Amino acid sequence: MLWSLIKLLIFIGIVGGLIYGAEQLLATGEGIRIAVLNTEFTLGPIQSVLAALALCAAVWLLMKIVGLIVATLRFVLGDETALTRYFSRNRERRGYRALSAALIALSAGETREAMAKAGKAEALLKRPELTNLIAAQAAEQSGDATRAQEVYKRMLADDRTRFVGVRGLMKQKLDAGDTEVAMKLAEKAVALKPGTAETSEMLFHLQAQKDAWTGARRTLGAALKYGPMPRDVCRRRDAVLALADASGKMESD
């Protein structure tokens with residue numbers, strides 16, 4: 001913006017100077033004598049005005065060429081220009097179209113199409129927090145547990161999607177019957193978002209199945225504090241756990 005203003009002021013100054021000089025030549029009736037090396041040229045008033053206009057046009061053209069060179073250099077060096085903004089907006093539009101197509105394909109059960117469109121959207125948008133979830137769900141719908149697991153693991157690296165990644169891996173371990181790892185993942189999920197009812201409930205049942213009474217009572221306490229479970233339900237369950245814990249201790253004694 002500043003460079004454009006400077007160029008405009010320079011151009012106005014040159015034009016103003018040339019107009020003033022032309023007026024002086026026409027008023028005096030004298031021409032301009034130009035010496036180049038050993039050759040001398042004499043221009044009359046009209047010729048001088050025409051030469052001044054030609055010089056003005058040449059200066060304008062030169063400034064345009066310089067501006068084009070500067071813009072090209074900025075584009076090559078990666079600076080934001082109108083051209084880069086155009087390509088960026090165009091890429092973003094195509095990316096969101098691919099993302100919309102992936103969501104529609106996922107809803108329609110077209111898992112291969114959903115994964116392909118999600119991959120295209122990721123390449124254009126560079127927004128893995130949006131595309132990874134679609135890819136994972138599409139992989140699960142198609143029965144590709146390995147692919148889904150890979151995507152969930154990638155989601156662990158991003159704070160915005162870590163909870164979803166842990167939750168997805170937890171469900172996979174439950175489906176595989178690996179309750180030990182599933183319980184550890186449920187503990188991580190509850191630590192990340194203690195107010196989520198589904199993971200709190202899942203962790204409570206896993207701990208109860210393994211007679212982890214202390215951990216189960218701690219989970220109920222967190223559920224009561226953060227509100228994903230009704231207060232009366234928490235109290236009844238805590239009473240049952242306390243009784244089971246006391247019975248277990250009596251049997252061990």
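Start at Glu198, which is partly exposed at 35% relative accessibility. This is a predicted model.

Now add Arg167. The side chains of Glu198 and Arg167 meet in a salt bridge, 2.8 Å from N to O. Glu198 lies in helix 9 and Arg167 in helix 7, so the pair ties together parts 31 residues apart in sequence. Arg167 is partly exposed too, at 26%.

Next, select Arg160 and Glu129. Their side chains form a salt bridge at 3.4 Å, N to O. Arg160 sits in the loop between helix 6 and helix 7, while Glu129 belongs to helix 5. Arg160 is exposed at 59% relative accessibility; Glu129 is buried at 15%. Add Arg127 and Asp158 to see the network of salt bridges that links them with Glu129 and Arg160.

Show Asp159 and Arg162. Their closest N and O atoms are 2.5 Å apart in another salt bridge. Asp159 is exposed, with a relative accessible area of 61%.

Stay with helix 5 and pick Asn132. Asn132 is buried, at 10% relative accessibility. Its side chain makes a polar contact with the side chain of Arg154 at 3.3 Å. Asn132 also touches Val151 and Met155.

Val151 leads into the largest nonpolar core, which has 19 residues. Helix 8 (179-192) is one of the elements giving two or more residues to this core. Its share, six residues, is the largest. Select Leu185, among the residues with the most contacts inside the core. Leu185 is in contact with Val166, Leu169, Met170 and Lys173, leaving aside neighbours within four places in sequence.

Finish at a second, separate core of 11 residues, including Ala98, Ala102, Leu106 and Ala121.

Terms used: Residues are numbered from 1 along each chain as its sequence is written. This is a predicted model: local features need pLDDT of at least 70, side-chain atom pairs count only at pLDDT 80 or more; totals for chains, interfaces and linings use all residues. Side-chain values use heavy atoms; hydrogens and water are left out. Helices (H or I, at least four residues) and strands (E, at least two) are DSSP runs, numbered from the N terminus. Buried means under 20% relative accessible area, exposed over 50%, partly exposed in between (1.4 Å probe, protein chains only). A polar contact is a pair of N or O atoms within 3.5 Å; within protein, one must be able to donate a hydrogen and the other to accept it, and residues adjacent in sequence count only if both atoms are side-chain atoms. Contact means heavy atoms within 4.5 Å. A nonpolar core is a set of buried Ala, Val, Leu, Ile, Met, Phe, Trp, Tyr and Cys residues joined through side-chain atoms within 4.5 Å. A salt bridge is a side-chain nitrogen of Lys or Arg within 4 Å of a carboxyl oxygen of Asp or Glu.
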